[in-house]
Amino acid sequence: MSANVNSRLAGFYKLPLETRLDLIQQQIPLSDEEARVLGEGLGLSLEQASHMTENTVGLYALPLGIATNFRINGKDVLVPMVIEEPSVIAGASLAAKLVRAGGGFEAETDDPVMIGQIQLVGLSNVAAARDQVLAHRDKLMLLANNVDPILVRLGGGARDIQARVLETPKGPMLIVHLHFDVRDAMGANAVNTACERMAPALASITGGQAYLSILTNLADQRLARARAIIPEEALAFGDFSGEQVAEGIELAWAFASADPYRATTHNKGIMNGIDAVTLATGNDWRAIEAGAHAYAAREGRYTTLSTWRRDGTGNLVGTLELPMALGTIGGATRVHPTARVALKLLNVSNARELAEIVVSVGLAQNLAAIRALATEGIQKGHMSLHARQVAMAAGAKGQDIERVAQAMIDKDAIRIDYAESLLSK
Ligand code: MEV
């Protein structure tokens, strides 16, 4: 993150499309090529895409927007977000502005330690096998470290070996966990290779058979946390006092903390922000999603990932904690040209800084959603953007999009048939 960026770009959303990127470039100079990648959507070529996945026949584009107002650990950051849903980027920017009034987000991460699992079956004495594994801990860690000496030189590598006896419908099994510091990678490849390398040794140590060797997406040794304090007066808007808004947000949190039906949607709102930055930076958003929801159910009941409470002075305090297996090297992060530009915009020097931004965006997104829900409702802010999408779906182009959208809002009839009839006129 750079100290020079000013993310407080008032009225950014009102600027003509063509000038927005110029304003960003005044803060983070991009090469002509990088600007073209963003501005003309010339990110991934079909040729590059065909080397990423199989049976490629085309490309699929999504909007990339910049969330403004973010201040994280004392530094401003402009946040690229890739998402098809209206209101998300506006919501994140608005919430970041509220949090900014209290000094911005404080965020931190654990060491980037991923967990790999090796499944051992056919053991005559599972408890004795467990003792055997732990007695060979150092030898096993050495085996894992031999997989990637460069990672070890950079300070990564094996941190621990644990072994769990698991009762399953197919009898007891021994599940060995490798804790592996993957530094700035998401880590799936490093961990999976290390586990596969350890599997034969584990089979011979225990006398059992090794089956699955794979990382877990419940990366609970690699958590990221964000915290925000919003002064009560900053929450006031329209006819709502700061106290009313804060009370509404606390009630929204209490509802979600007690009810899995609500918690699922509450957390979906968090993931709107998290996924959008994860996707922009070429990271594996399915891994982040899986880890988040498993973490939300870690105590045996699905609940909220965030908390919202007032402190003794009436200020609103929000926290968010979840697993954050993100990389700034490896995978698509360096292969996808748009992901590379997104990382440049974020100006992060390592995966931990990226995780601190992403968890802060998640908290902001959650604040935006429950603030709206607890006050004027979600549809008001959503409707004008939704109307534009309906207008486009009906075939509106250029200035007609805005005109048709506004006419539908004025008539309180945001429907594709009405948009079509407006267009035919
Ligand atoms: C919509 O994408 C997200 C929300 O449903 C989140 C929430 O209900 O907290 C608005």
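Let us start at Phe70, which touches Ser7, Lys75, Asp76, Val77, Val79, Ala92, Ala96, Arg100, Phe105, Ser360, Val361 and Ala364, leaving aside residues up to four places away in sequence. Keep in mind as you look around that this is a predicted model.

Where does Phe70 belong in the wider picture? Phe70 is part of the largest nonpolar core, a set of 59 residues. Together with Val79, Leu322 and Met324, Phe70 is among the residues with the most contacts inside this core. Which helix gives the core its largest share? That is helix α13, residues 351-373, which supplies 11 residues. The model also has a second, separate core, made of 34 residues and including Ile118, Val126, Ile161 and Phe180.

Met324 is a handy landmark for our next stop, Gly187. These two residues are 137 residues apart in sequence, and their C-alpha atoms are 11 Å apart in space. You will find Gly187 in the loop between β6 (171-181) and α8. Is Gly187 buried or exposed? Its relative accessibility is 6%, and buried means under 20%, so Gly187 counts as buried.

After that loop we can turn to helix α8 itself and one of its partners. How do we describe such a pair? Two packed helices are described by the angle between their axes and the distance between the axes. Here, helix α5 (residues 126-135) packs against helix α8 (residues 188-206) at an angle of about 125 degrees, and the two axes are 9 Å apart. Because of that angle, α5 is oblique to α8. The crossing of α5 past α8 is right-handed. On the α5 side, the contact is made by Ala129, Gln132 and Val133, while α8 brings Leu202, Ile205 and Thr206. Sorted by character, the residues of this contact are four nonpolar and two polar, with no charged ones.

Finally, let us visit two loops and look at their backbone angles. Asn73 sits in the loop between β1 (64-72) and β2 (75-82). Its phi is positive, about 50 degrees, although Asn73 is not a glycine. With a relative accessibility of 36%, Asn73 counts as partly exposed. Moving on to the loop between β2 and α4 (88-100), we meet Ser87. Ser87 also is not a glycine, and its phi is positive too, near 80 degrees. How does Ser87 count at 24% relative accessibility? Ser87 is partly exposed, because its 24% lies between the 20% limit for buried and the 50% limit for exposed.

Key: Residues numbered from 1 in each chain as written. Predicted model: local features only at pLDDT ≥ 70, side-chain atom pairs only at ≥ 80, totals over all residues. Heavy atoms only, no water. Axes fitted to C-alpha atoms, helices over the stretch in contact; angles between N-to-C directions. Helix = DSSP H or I, 4+ residues; strand = E, 2+ residues; numbered from the N terminus. Parallel < 35°, antiparallel > 145°, perpendicular 65-115°, else oblique. Left-handed = near helix turned anticlockwise from the far one by under 90°. Contact = heavy atoms within 4.5 Å. Nonpolar A, V, L, I, M, F, W, Y, C, P; charged D, E, K, R; others polar. Core = buried A, V, L, I, M, F, W, Y, C linked by side-chain atoms within 4.5 Å. Buried < 20%, exposed > 50% of the residue type's maximum accessible area, 1.4 Å probe, protein only.
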